[in-house]
Amino acid sequence: AGLAPAIPALAQAAGYPLLADPLSGARRGRAAIAHYDALLRDAGFAREHAPEVVVRVGDLPTSKSLRAWLGALRGARQILVDPQLGWQDPASVVELLIRADPRLLEPPPAADPGWLERWRTADARAAGAIEETLGEELSEPNVARAVADTLPRAATVFVAASMPVRDLESFWPVRDDAPRVLSNRGANGIDGTLSSALGVAAAAHGPVVALIGDVAFAHDVGGLLAASRLGLSLTIVLINNGGAAVFDYLPIAGEHDVYEQHVATPTGLDFERAAALYGFRHERPQTLDALRALLAEPAPGTLIEVRTDRSAGVALHERVWSAVARSRTA
């Protein structure tokens, strides 16, 4: 508790780039780098921006590129600060574990002022490249950006595992008044996502928005009964892309004889009927502006279904990563 404002202040005081997962609530302040996931996919950037010291706080990040970069750093001193002595280091690269409340730490030795500015410049260029590449298409990255940019500060976003949480990490901006972001991470995978979001709605003081894919929705659709039984307010942004898109990025996607039926598992469900079954109003925006309008004042008891093309998702993400890599030499 209380880390979200403390860590950005610590990073800014020392001039250290802050690579904060949106789930931490700490992607804010002048030191925060929004697009590290995209930047670190470029081997040249990752090599040229290898640090001397890394101070790590909290759970492992969602970003695979960040975890791989941290695990491959050579000659960098990695220090983990955790009041419970949690050892979040599967790559065995942390050399020092400090049992302390990070809020009570003095700022570490200051970095060269140009160090943070180089990261910030690269981040700004990456943001421009992402904006230009994505445009106004109603794509999955743009859905994540719309959620991040549009929801009010008082809102809570409950994001499903799989692709939604990864797109949030890739495209969530630096925003000092950002809504809270929660997710189930770990062995549970996508199970119970809607029920968890409704549990948050039972305790939250502001609007709660669940960002979820079609397969995760199908796994827990029965949980929606709690909304009417307990009088809970929830808005759902459902990305209906015809299956579990996260597996499209793995080699198994090439096994065409079994992939769709046994791995991607498209549901074929009519989500308008599912919404009606549980007393939710159904909206299907056709444009990004229409989605933003629905998110600006999220109405409880609404299922917002966004249809996207899963087959185009991998190519779109690769165009984004390529554009970000080119931007650093622009």
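In this predicted model, a good place to start is the largest nonpolar core, which has 26 residues. The residues with the most contacts inside this core are Leu 39, Leu 40, Trp 69, Trp 119, Val 320 and Val 324. Several helices feed into it: helix H2 (36–39), helix H3 (43–48), helix H4 (64–72), H5 and H14 each supply at least two of the core residues. Of these contributors, H5 gives the most, with seven residues.

Let us take one of those core residues and look around it. Setting aside neighbours within four places in sequence, Trp 69 is in contact with Leu 19, Leu 40, Ala 46, His 49, Ala 50, Pro 51 and Trp 119. Two of the names in that set, Leu 40 and Trp 119, are also listed with Trp 69 among the residues with the most contacts inside the core. Trp 69 is itself one of the buried residues of H4, together with Ser 65, Leu 66, Leu 70 and Gly 71. The cover over the buried residues of H4 includes H2, H3, strand E1 (53–57), E2 and H5.

From here, follow H5 to its meeting with H14. Helix H5 spans residues 113–134 and helix H14 spans residues 313–327; their axes come within 8 Å and cross at roughly 145°. The crossing of H5 past H14 is right-handed. On the H5 side, the contact is made by Arg 125, Ala 126, Ala 129, Ile 130, Thr 133 and Leu 134. On the H14 side, the partners are Leu 316, Arg 319, Val 320, Ala 323, Val 324 and Ser 327. Sorted by class, the contact has eight nonpolar, two polar and two charged residues. Val 320 and Val 324 will look familiar, as both appear among the residues with the most contacts in the core.

Leu 316 deserves a closer look in this pairing. Leu 316 sits in helix H14 and is buried, at 6% relative accessibility. Its C-alpha atom is separated by 8.5 Å from that of Thr 133, although the two residues are 183 residues apart along the chain. Which residues does Leu 316 touch, not counting those up to four places away in sequence? They are Leu 134, Ser 139 and Pro 141.

Pro 141 leads us on to helix H6, which covers residues 140–150. This helix is mostly covered, with ten of its eleven residues buried. The buried set is Glu 140, Pro 141, Asn 142, Val 143, Ala 144, Arg 145, Ala 146, Val 147, Ala 148 and Thr 150.

Now for the charged pairs. Side chains of opposite charge can pair when their charged atoms come close. The structure holds 14 salt bridges, and a few of them are worth visiting with accessibility in mind. Asp 37 forms a salt bridge with Arg 41, with 3.2 Å between the closest N and O atoms. Here Asp 37 is buried, at a relative accessible area of 2%, whereas Arg 41 is partly exposed at 43%. Glu 305 and Arg 307 also form a salt bridge, their closest N and O atoms being 3.1 Å apart. In that pair Glu 305 is buried, at 0% relative accessibility, while Arg 307 counts as partly exposed at 48%. A third salt bridge joins the side chains of Asp 101 and Arg 103, at 2.7 Å from N to O. This time Asp 101 is partly exposed, with a relative accessible area of 23%, and Arg 103 is partly exposed at 44%. Salt bridges also link Arg 30, Glu 117 and Arg 120 in a network.

Finally, two serines are worth a stop for their backbone angles. Ser 92 has a positive phi of about 55° although it is not a glycine. Ser 92 lies in the loop between strand E2 (77–81) and strand E3 (96–98). Ser 162, also not a glycine, has a positive phi of about 85°. Ser 162 is found in the loop between strand E4 (156–159) and helix H7 (163–171). Are these serines buried or exposed? Ser 92 counts as exposed, at 60% relative accessibility, whereas Ser 162 counts as buried, at 18%.

Definitions and conventions
Residues are numbered from 1 along each chain as its sequence is written. This is a predicted model: local features need pLDDT of at least 70, side-chain atom pairs count only at pLDDT 80 or more; totals for chains, interfaces and linings use all residues. Side-chain values use heavy atoms; hydrogens and water are left out. Axes are lines fitted to C-alpha atoms, for helices over the stretch in contact, and angles run from 0 to 180 degrees between N-to-C directions. Helices (H or I, at least four residues) and strands (E, at least two) are DSSP runs, numbered from the N terminus. A crossing is left-handed if the near helix is turned anticlockwise from the far one by less than a right angle, and right-handed if clockwise. Contact means heavy atoms within 4.5 Å. Ala, Val, Leu, Ile, Met, Phe, Trp, Tyr, Cys and Pro count as nonpolar, Asp, Glu, Lys and Arg as charged, and the others, Gly among them, as polar. A salt bridge is a side-chain nitrogen of Lys or Arg within 4 Å of a carboxyl oxygen of Asp or Glu. Buried means under 20% relative accessible area, exposed over 50%, partly exposed in between (1.4 Å probe, protein chains only). A nonpolar core is a set of buried Ala, Val, Leu, Ile, Met, Phe, Trp, Tyr and Cys residues joined through side-chain atoms within 4.5 Å.
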